[in-house]
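Work through the exercises below with the sequence and the model side by side. Try each task before reading its solution.

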Amino acid sequence: MKVVIQRVSEASVTINGEQVASISHGLLILLGIVNEDTQEDIKWLINKIANLRVFGDENNIMNRSLLDVKGDAIVVSQFTLHASTKKGNRPSYIKAAKPDVAIPLYESFIKQLEASLGKNVQTGEFGADMKVALINDGPVTIIIDSKNKT
């Protein structure tokens, strides 16, 4: 499981001209899932994301977590995070999990993040053509892969 986390001062998701998610201060989380991903990957990532110290403290040093600042989150499914570009110029998405595997893991990720944060997490729509808008605060962008824990 791979995530791209962006610290945002605002972010939103629009589908078919309708805004379905919007936050001000928090994290936009792009989530890519492969067939080998499990609940253990989710548990590890949720702990990492909720406690990742990427928000400024009183001295503007990145010392506070999403939990500390009571920030919000948007989770967007992003199968293209697992694109392979080794051969040719057309990315291959063969590593990305198909919907029958990915959707239950995506939904579990959201539920576990909500439980960890103690609040609702906004989302896009799995498989939809989404327009994601954001103001990256910093900019701060971090990539985490649950297969690279060490």
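**Exercise 1. Place valine 34 and describe its surroundings.**

Start with the element. Valine 34 sits in the loop between β3 and α1; helices (H or I, at least four residues) and strands (E, at least two) are DSSP runs, numbered from the N terminus. The model is predicted: local features need pLDDT of at least 70, side-chain atom pairs count only at pLDDT 80 or more, and totals for chains, interfaces and linings use all residues. Residues are numbered from 1 along each chain as its sequence is written, and side-chain values use heavy atoms, with hydrogens and water left out.

Next, accessibility. Buried means under 20% relative accessible area, exposed over 50%, and partly exposed in between (1.4 Å probe, protein chains only). Valine 34 has 7% relative accessibility, so it counts as buried.

Then list contacts, meaning heavy atoms within 4.5 Å. Leaving aside neighbours within four places in sequence, valine 34 contacts Met1, His82, Lys95 and Ala97. Take lysine 95: it is 61 residues from valine 34 in sequence, yet the C-alpha atoms are 5.9 Å apart.

**Exercise 2. Do the same for aspartate 37.**

Aspartate 37 is also found in the loop between β3 and α1. At 6% relative accessibility, aspartate 37 counts as buried. Not counting residues up to four places away in sequence, aspartate 37 touches Met1, Gly32, Leu105, Ser146 and Lys147. Now check a C-alpha distance: aspartate 37 and valine 54 are 17 residues apart along the chain and separated by 25 Å.

**Exercise 3. Find the largest nonpolar core and the elements that build it.**

Apply the definition: buried Ala, Val, Leu, Ile, Met, Phe, Trp, Tyr and Cys residues joined through side-chain atoms within 4.5 Å. The largest such core has 29 residues, and Val3, Ile29, Val75, Phe109 and Leu113 have the most contacts inside it. The elements giving two or more residues are β1 (2–15), β3 (26–32), α1 (39–51), β6 (72–77), α3 (99–117) and β8 (130–145). The most come from α3, with 7 residues.

Zoom in on one member. Beyond four places in sequence, isoleucine 29 touches Val3, Val4, Ile49, Ala73, Ile74, Val75, Val76, Phe109 and Leu113. Another core, of 13 residues, lies apart from the largest core, and includes Ala11, Ile74, Val76 and Leu81.

**Exercise 4. Classify the ring pair of phenylalanine 79 and tyrosine 93.**

Rings of Phe, Tyr and Trp (its six-membered ring) pair if their centres lie within 6.5 Å; planes under 30 degrees apart count as stacked, over 60 as edge-to-face and the rest as tilted. The whole structure has 2 aromatic pairs. For phenylalanine 79 and tyrosine 93, the centres are 5.0 Å apart and the planes are at 75 degrees, so the pair is edge-to-face. Both residues lie in the loop between β6 and α3, so the pair ties together parts 14 residues apart in sequence. Finish with accessibility: phenylalanine 79, at 49%, counts as partly exposed, and tyrosine 93 is partly exposed at 32%.

**Exercise 5. Pick out unusual backbone geometry.**

Recall the background: most residues other than glycine have a negative phi, and most peptide bonds are trans. The bond from glycine 138 to proline 139 is cis, with omega near 0 degrees. Proline 139 belongs to strand β8. Asparagine 16 has a positive phi, near 50 degrees. Asparagine 16 lies in the loop between β1 and β2 (18–23), and is exposed at 79%. Lysine 70 has a positive phi of about 55 degrees. Lysine 70 lies in the loop between α2 (66–69) and β6, and counts as exposed at 66% relative accessibility.
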